[in-house]
Amino acid sequence: MKEVMAIIRINMINKTKKALADAGIPSFMARECLGRGKGVVDFSVLRGAEKGYEEAISQLGQTQRLIPKRWLTIVVPDKLVRRTVETIISANQTGKAGDGKIFVLPIAEVYRVRTGEAGDRALDEA
Amino acid sequence: MVMVRAIVRPEKTDAVLEALMDAGFPAVTKVSVVGRGKQRGIKIGEITYDELPKELLITVVKSKDKDYVIKTIMQAARSGSSGSFGDGKIFVSPVEEVYTVSSGVKDEDDLVAQAGAADAGGEG
């Protein structure tokens with residue numbers, strides 16, 4: 001089993017949900033989060049600095065601003081990892097910075113609370 | 001690649017984020033969480049508070065940067081000179097694959113400059 005952890009744009013969540021359901025991966029967990037990446041650009045500061053505002057220029061390089069994102073957690077059997085990753089990428093790709101990141105992490109054990117089933121059987125769709 | 005998950009005091013979050021930025025690890029994801037630790041929360045009079053608000057900071061870094069990142073977070077998140085209960089925990093777990101959505105490229109451990117949890121920028 002693998003955990004696919006994806007950080008995506010907030011306005012892409014509905015499209016991603018639909019794409020995942022169509023790909024046969026309906027179950028996942030989503031959360032709101034805040035984040036920044038390696039290329040944080042605060043456009044309001046940039047525009048202000050362009051117009052020569054002293055305050056904006058002094059803020060250049062101080063990129064403390066965090067951007068709201070959606071955090072998806074999907075636990076899938078090994079054979080579905082590729083499909084999950086490709087589905088998320090194709091649904092979310094705009095080609096611009098800020099589309100997000102996908103991490104694949106190992107999961108040691110999975111249990112279904114309702115029946116106590118363990119392993120891949122707990123992930124199988126009923 | 002490894003994922004470093006740090007649970008820190010909310011009031012220390014900005015200090016940690018700034019320290020990580022200065023250390024050259026800008027990419028971080030932040031989530032508000034509640035939880036309790038070994039001390040079973042805080043007991044004030046008759047009332048026990050066992051859902052203490054904390055911030056969960058997630059960052060993914062190259063394996064060789066792990067110790068440096070942990071040290072940076074640890075120093076910034078500690079309250080007082082020697083630390084105290086409730087300063088938080090840091091968990092490290094392996095990450096097998098990392099993809100950047102905008103390019104669709106799989107980041108390799110030695111190729112990527114620094115892959116973080118959230119690639120920020122653009123129109124959110």
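In what sense, parallel or antiparallel, do β4(A) and β7(B) pair, and over how many bridges? Select these two strands in the predicted model. β4(A) and β7(B) run antiparallel to each other, and 4 bridges hold the pairing. One place to look is A:V104, which has B:E97 of β7(B) opposite.

**The whole sheet**

Next, show the strands of both chains. An open sheet of 10 strands appears, with antiparallel pairing, in the order β6(B)-β1(B)-β5(B)-β2(B)-β2(A)-β3(A)-β1(A)-β4(A)-β7(B)-β8(B). At its edges are β6 (88-94) and β8 (105-107) of chain B; each has a single partner strand, so one side of each lacks a neighbour in the sheet. Looking along the sheet, the average twist is 25 degrees from one strand to the next.

**β1 and β4 of chain A**

Select residues 2-8 and 100-106 of chain A, which are strands β1 and β4. These strands are antiparallel and joined by 7 bridges. Within this ladder, A:V4 has A:V104 as its bridge partner, and A:M5 faces A:F103. A:V104 thus turns up twice on this tour, with A:V4 as bridge partner and with B:E97 standing opposite. Of the 7 residues of β4(A), 5 are buried, so this strand is largely enclosed by the rest of the structure.

**The nonpolar core**

Keep A:F103 selected and show its surroundings. Beyond its neighbours within four places in sequence, A:F103 contacts A:M5 as well as B:M3, B:V60, B:V95 and B:V98. A:F103 also belongs to the largest nonpolar core, which has 40 residues. The members that touch the most others in this core are A:V4, A:A6, A:I102, A:F103 and B:V16. Strand β1(A) gives the most to the core, namely 5 residues.

**Helices on the sheet**

Now add helix α4 of chain A, residues 81-92. This helix lies across β1, β3 (67-76) and β4 of chain A, together with β7 (97-100) of chain B, and runs at about 5 degrees to β1(A). In chain B, select helix α2, residues 66-77. Helix α2(B) packs on the sheet and touches β1 (2-8), β5 (52-61) and β6 of chain B, its direction making about 5 degrees with that of β1(B).

**Helix pair in chain A**

Select α1(A), residues 13-22, alongside α4(A). Their axes come within 9 Å and cross at roughly 145 degrees, in a right-handed crossing. At the contact, A:K15, A:T16, A:A19 and A:L20 of α1(A) meet A:T87, A:I88, A:A91 and A:N92 of α4(A). By type, these contact residues are 4 nonpolar, 3 polar and 1 charged.

**Helix pair in chain B**

Move to α1(B), also residues 13-22 in its chain, and α2(B). The axes come within 8 Å and cross at roughly 145 degrees; this crossing is right-handed. Here B:A15, B:V16, B:A19 and B:L20 of α1(B) meet B:T72, B:I73, B:Q75, B:A76 and B:A77 of α2(B). The contact divides into 7 nonpolar and 2 polar residues, with no charged ones. B:V16 is also among the core residues that touch the most other members.

**Chain A as a whole**

Finally, colour chain A by secondary structure. Chain A has 5 helices and 4 strands, in the order β-α-β-α-α-β-α-β-α from the N terminus. Of its 126 residues, 29% count as buried. Among contacts in chain A between residues at least 6 apart in sequence, 76% join residues at least 24 apart.

Definitions and conventions:
Residues numbered from 1 in each chain as written. Chains lettered and ligands numbered in written order. Predicted model: local features only at pLDDT ≥ 70, side-chain atom pairs only at ≥ 80, totals over all residues. Pairing = 2+ DSSP bridges. Helix = DSSP H or I, 4+ residues; strand = E, 2+ residues; numbered from the N terminus. Axes fitted to C-alpha atoms, helices over the stretch in contact; angles between N-to-C directions. Contact = placed C-beta atoms within 7 Å. Buried ≥ 20, exposed ≤ 12 C-beta atoms within 10 Å, placed from the backbone. Core = buried A, V, L, I, M, F, W, Y, C linked by C-beta atoms within 7 Å. Left-handed = near helix turned anticlockwise from the far one by under 90°. Nonpolar A, V, L, I, M, F, W, Y, C, P; charged D, E, K, R; others polar.
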